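Colleague: Got a minute to go through this one with me? Let me put it on the screen and we can start with the overall picture.

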Amino acid sequence: MTSLPHTRGTARLGLVIDLDICVGCHACAVNCKEWNTGGVAAPLTDLKPYDADPDGVWFNRIHSYEVNGEDARTVHFPRSCLHCEEPACVTVCPTGASYKRAEDGIVLVNEDLCIGCKLCSWACPYGAREYDLDAGVMKKCTLCIDRIYNEHLDEAARVPACVATCPTSARHFGDLGDPDSKVSQLVREREGYDLMPEMGYKPTNKYLPPRPRQRDAASIGAPALEPLPQAGGLLGLIDRLLSG
Amino acid sequence: MPKSSNFAFGDPPVPTQAPVADEVKYTTCYMCACRCGIKVSLRDGRIRYIEGNRDHPVNRGVLCGKGSAGIMQHYSPARLRKPLLRTGARGSGEFREIEWDEALSIATGWLGTIRANDPKKLAFFTGRDQSQALTGWWAQQFGTLNYAAHGGFCSVNMAAGGLYTIGGSFWEFGEPDWENTRYFMLFGVAEDHDSNPIKIGLGHLKTRGAKVVSVNPIRTGYSAIADEWLGIQPGTDGLFILAVAHELLKAGKIDADYLARYTNAAWLVIDDPASADDGLFARIDGAPLAFDRKRNALVSFHDPDLAPSLTGEYTLADGRKAVPAFVHLAKRYLDERYAPDTVAVETGIPAETIKRIAAELAHVAFEQAVTIEQPWTDWTGRRHERMVGRPISIHAMRGISAHSNGFHTCRALHLLQVLLGAVDTPGAFRYEPPYPKPIPPGIKPAGPAAPNTPLAGPPLGFPQGPGDLLVDAAGEPLRIDKAFSWEAPLAAHGMLHTVIANAHAGDPYPVDTLFMYMANMSWNSAMNTAETMRMLADKNPETGDYKIPRIIYSDAYYSEMVAFADLVLPDTTYLERHDCISLLDRPISNADGAADAIRQPVVQPDRDVRPFQDVLIDLGARLKLPGFVDDAGKPKYPGFFPDYMVNHQRKPGVGMLAGWRGADGEDAGIGAVNPQQLERYIENQCFWQSRMPAEAHYFKPWNKAYLAWAVAMGFLDKPEPVFIQLYSETLQKFRLAARGHGDVPVPDKHRARVETYFDPLPFWYPPFTSEADGYALHAITQRPMAMYHSWGSQNAWLRQIHGENRLHIHRETARTLGIADEDWVKVTSAHSSITVKAKLMDGVNTDTVWTWNAIGKRSGAWNLAPDANESRGGFLLNHLIRDLLPPREGGYRYSNSDPVTGQAAWYDLRVRIEKAAGQHDRSEPAFRTVERADLPPRPDVLRYGQIFRPKAEAS
């Protein structure tokens, strides 16, 4: 079994995902695949890509749910590794292949050590691990570690691919270990939450819940319209307006 | 982020510093029609990464799921490899490969003969082509009027509805004021048009707390994040919109000053029922008349000092009566027909909700007006100290467009905007240059040409009256698709959806060659799909000849249409060619300025394929079409499309690209040819943008600074104001013809229809396909944001997201029909039936079933395995949609289209569903597999990017 780092830096790099404005467009998922299939975990193999039931490795998958009742809505939910503070996928690993970085908290797989036993994917309650059958190793979101520190990219591009490409700006990247960071402030302001906190894995990534909806006139302060008096009516009013 | 130290904490080394590219090229995306700027990183000539260009005006750095899958589109095994000549029966997919010289000689032979005898016997129709400024001009020079692109079944109702009303439209013609809007209404499916700009804008609106209302029978995509979702009955949007207008008028909550100044609401309409000018505008020296409240006199509306009245009844100089257009308008929409209580059942939206939406709109428009401290001067020379606007924006696309009442519904939507003063004011919908244009734009469709002669003008345009129709002396159509005939007078985009059936029937005449580009007419781009396939391969029993004698087709991929071609001209992928996103075509401007762009090849083809635009220019030269050869008969554009993009001039100084014109590259809009123009575009990441002065940003149609800028850029001929045409005199002219006036007679069979639908004011009527046939449910499609039309299915990544589709049914509706999730259901329309799998959900109107568009594929097409999900579980609704309406009195069958514009009415579909009897393991109907042996084998494992994997960093 693998130990978590004993000495930790303060950084907790992660994502903040805004469910209020995610339209479920899959831009993050596909751009992630596109970047990472040529990145440190390359390739993100696709099996039978042009046949029945193609099956590939994706680090980020989008699910859509319908919520019924008084506040019925459709919620789009992007799902990727949450880079947990207490990741069971690491502690369950028999070889040390799965590990959590002390420096920034990113959870990675060292493919040289991975024996493909899949214990980590069983341990992860979020379903964030992706087994590459062709390579025989487990793969997962790297938080684009080959982008965020990559000096070949200009400063603005040093964010995960999913964040850079998101058309609605529903995804944010930063240091959740720094209470003054923009992402930490956003989590406070919007009451960002942990996914399945009862599991005790303390995810680093946070989700921002949908905001209350403006579904009635009162929410924007609009009084009901009053019909014009019969006398004069609309045309009378128009005359008055234009003579004013 | 600082550089990772990796070792400071004893973490294992990770290679974080791999170079992304040894070469970076910018170009323009073509994974949908949105035309975002992209940055392509290459390593060793292979594509490493495609990302959004942060400097680009369309997408500002973001890129959607489709654009991010461009690598897989480019390396698709469905790419055609070489020209093909049919060897087997048409439709069999049996071809032999031929050289380009042979292919072009064959095409030149066929086309040259047609041109020398009867040029209209060439029907040249393109599909999702983005180079219509070239293809349309080619058709004109060839001399065939039988040309159009795909707008007739896509969105001509939106384009025509807008251009005949406000001189602009949504999407490519205008956009919401994303920074200032406080209330945004979205009608119908909009996920494909406009893709990233709307997503970027929605992110802004939601973050700012603006209210978003979605009017759509289905709660998917953008509707999911709306504050309020109104699950309207399909095809009743116009009724809902006009009921909102009714409420606003009843309460007097309209922008009277805006109506009086900027629209034709004050123009006097002649009231003389029996006369030939009844319902037309009273004029003086050509200018419309209005009543001046201050001078108490009838005055030209163009008089700068006019104080126009919107009310009253006046006596003209000739003694006849006239009233302002507004009087007609108020009378119509104050009528109880449009009262919320009247329309609630038909629209499925409670009266209280309609009243509340009206109240919210009024409140935001008039109590939360947006003021920008920017002085401006109007066309009369009056200075305004600030810009005050109505922060209400509306966007609509196909949900309104693809109904047989779409033209009038679109006009109703613009009417609502205008009543609120919410067109091109701060916070509202804003025009994107080159719009606004005169109403309608001044280009008229050209009629047939003599042999070996070009058309007198472009084949498509905007009729201004019956005299501009393309009909013969008997009133019968001159075009193969019957566009611009009495069947579809304002068919500004042509009618691609009628071409094959009409050509097959020889109605109004047979053609010799059907030449198509990127138009998947044997599959997802046709209504009545099975019959269309039959017609494409049908022979005359007496002669044994095909009823459509020759078919030339160009596509980059092995789409369903390829098997029906006699001659296949393989196109390149979008990353292998030049393209021109021209202001003469479909602009990518935004409301603050004009923009255009190019594509440049970022990789070279590894197959024997050529860009279609190059091929068209080559054919033009071989046929010696005017404009394609010089006086000596030599090709005028030996460098093909890039040469044409730079050197072709439509009129002096106006070419395909507006940026860096003039010998020194210093001119914008108008200027001499610049031989270095493409280099300048490439230096500037393949796009050009010109911002207008701040004083021109709003009130554009009436803004002196804007009009001057637009003239200087070549967008308008004259700096004259454009007045919104709420009351359409153009429509009234057609109606008068139906009443027997004028010198262009309306054939009797069309008379009542023209009289009804050429109403000068927007009105609502039920879609032509109704419940009366016994089909209670509406069936429509939505566009998934990660898949665009049919192109995506060959894409290894995108097909993992949308490989199959389901028929989505409301849970309650399904319960009453005894249908469970994943059951096979039989879906029957008046035309046909299909058997497909059901998926139950809650976020859908209970009377509506729906599916994703164009996921279903014919087995074997696109080089997918014969049992691929797309053909096994995927399906099209198209099989259920009839292309002709039922016979009317006299047996005449109209196209299943809008009666004004000819827009294909494929959202009118009505069905009934039942649980399918027996066992099923695939959707029906299924068609014979069309696999091609000479396409590359499908890989079992795709390890794209393995070669880019960085080696471990040395410790």
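Colleague: What radius of gyration does chain A have, against a compact globule of 244 residues?

Modeller: This is a predicted model, to be clear. Chain A comes out at 24 Å, whereas a compact globule of 244 residues would be near 18 Å.

Colleague: And what does the C-alpha trace span along its principal axes?

Modeller: For chain A that's about 85 × 50 × 40 Å.

Colleague: How much of chain A counts as buried?

Modeller: 49% of its 244 residues. As for contacts in chain A with a separation of 6 or more, 60% come from residues 24 or more positions apart.

Colleague: How many helices and strands in there?

Modeller: Chain A has seven helices and 11 strands.

Colleague: OK, switching to chain B. Which strands does strand 34 of chain B form a hairpin with, and how many residues sit between them?

Modeller: Its hairpin partner is strand 35 of chain B, with four residues between the two. Strand 34 covers residues 824–828, and five bridges join it to strand 35 of chain B.

Colleague: Parallel or antiparallel?

Modeller: Those two run antiparallel. Within that pairing, B:Trp824 stands opposite B:Lys837 of strand 35.

Colleague: What about strand 33 of chain B, how does that one run relative to strand 35 of chain B?

Modeller: Strand 33, residues 807–810 of chain B, runs parallel to strand 35, residues 833–841, and four bridges join them.

Colleague: Which residue stands opposite B:Ile809?

Modeller: That's B:Leu840, in strand 35 of chain B.

Key:
Residues numbered from 1 in each chain as written. Chains lettered and ligands numbered in written order. Predicted model: local features only at pLDDT ≥ 70, side-chain atom pairs only at ≥ 80, totals over all residues. Rg over C-alpha atoms; globule rule 2.2 N^0.38 Å. Buried ≥ 20, exposed ≤ 12 C-beta atoms within 10 Å, placed from the backbone. Contact = placed C-beta atoms within 7 Å. Pairing = 2+ DSSP bridges.
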